Amino acid sequence: QVQLVESGGGLVQAGGSLRLSCAASGLTFSTYTMGWFRQAPGKEREFVAAISWIGDSYVDSVRGRFIIARDNAENTVYLQMNSLKPEDTAVYYCAGDRKSPTNFNSGGAIVKSIEYWGKGTLVTVSS
């Protein structure tokens with residue numbers, strides 16, 4: 001049984017930083033692209049970042065502020081979030097799939113086809 005468990009969310013002031021973690025089990029971690037999506041209240045779930053052995057991909061709104069990394073020995077993917085803005089407030093979801101990082105960033109339809117999801121962790125950025 002595949003499990004993705006996020007941690008690290010919380011409340012932070014604008015300009016601050018947080019690091020999210022996602023611990024994976026039940027899958028051959030190194031062969032999967034791992035990513036982060038987010039969903040703000042009243043909005044659709046959107047792509048944030050993804051990483052595989054091919055490379056990584058970011059949505060334009062976080063590029064230069066967020067960094068995705070993975071530790072295959074620990075079956076964990078991280079999202080370092082810097083210079084946080086109030087508009088970054090959302091529930092952040094960990095995702096695992098065998099598509100490439102570029103395919104993760106291919107529009108709203110990708111959400112329905114992702115193989116595995118975590119339950120999410122809430123990030124709140126105050127102004």
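How many aromatic pairs does the count come to?

## The aromatic pairs

The count comes to five aromatic pairs in this structure, which is a predicted model. A pair of aromatic rings is described by the distance of the centres and the angle of the planes. A good place to begin is the pair formed by Phe37 and Trp117: the ring centres are 5.0 Å apart and the planes stand at 70°, so this pair is edge-to-face. Phe37 belongs to strand β4 (residues 33-39) and Trp117 to strand β10 (residues 116-117), so their pairing ties together parts that are 80 residues apart in sequence. Phe37 is buried, with a relative accessible area of 0%, while Trp117 is partly exposed at 26%.

Trp117 also pairs with Tyr93. Here the centres are 6.4 Å apart and the planes are at 85°, so this pair too is edge-to-face. Tyr93 is in strand β9 and Trp117 in strand β10, so the pair ties together parts 24 residues apart in sequence. Tyr93 has a relative accessibility of 13% and counts as buried. Stepping back, ring pairs link Phe37, Phe47, Tyr93, Phe104 and Trp117 into a cluster.

## Charges over rings

Trp117 has a charged companion as well: the charged end of Arg45 sits over the ring of Trp117, 4.6 Å from the ring centre. Elsewhere, Arg70 lies over the face of Phe29, at 4.5 Å from the centre of that ring.

## Strand β9 and its partners

Is strand β9 enclosed or open? Seven of its eight residues are buried, so β9 is largely enclosed by the rest of the structure.

Now for the strands it pairs with. β4 and β9 run antiparallel and share seven bridges; Trp36 has Cys94 of β9 as its bridge partner. Strand β11 (residues 121-126) is joined to β9 by three bridges, again in the antiparallel sense, and Val91 is bridged to Leu122 in β11. β10 and β9 form an antiparallel pair over two bridges, with Ala95 standing opposite Trp117 of β10. Trp117 therefore appears in ring pairs with Phe37 and Tyr93, and also in the strand pairing.

## Thr76 and its surroundings

Thr76 is found in strand β8 (residues 76-81). With a relative accessible area of 10%, Thr76 is buried. The side chain of Thr76 reaches the backbone oxygen of Glu74 at 2.9 Å.

Which residues is Thr76 in contact with, leaving aside its neighbours within four places in sequence? They are Ser21, Cys22, Ala23, Phe29, Ala69, Arg70 and Asp71. Two of these names are familiar, as Arg70 lies over the face of Phe29.

## Two residues with positive phi

Most residues other than glycine have a negative phi. Asn75 has a positive phi of about 50° although it is not a glycine. Asn75 lies in the loop between β7 (66-71) and β8, and at 25% relative accessibility it counts as partly exposed.

Ser83 is another such case: its phi is positive, near 50°, and the residue is not a glycine. Ser83 sits in the loop between β8 and β9 (90-97). Its relative accessible area is 41%, so Ser83 is partly exposed.

Technical notes:
Residues are numbered from 1 along each chain as its sequence is written. Side-chain values use heavy atoms; hydrogens and water are left out. Helices (H or I, at least four residues) and strands (E, at least two) are DSSP runs, numbered from the N terminus. Buried means under 20% relative accessible area, exposed over 50%, partly exposed in between (1.4 Å probe, protein chains only). A polar contact is a pair of N or O atoms within 3.5 Å; within protein, one must be able to donate a hydrogen and the other to accept it, and residues adjacent in sequence count only if both atoms are side-chain atoms. Contact means heavy atoms within 4.5 Å. Rings of Phe, Tyr and Trp (its six-membered ring) pair if their centres lie within 6.5 Å; planes under 30 degrees apart count as stacked, over 60 as edge-to-face and the rest as tilted. A charge sits over a ring if NZ of Lys or CZ of Arg is within 6 Å of the ring centre and within 35 degrees of the ring normal. Two strands pair if DSSP finds at least two bridges between them.
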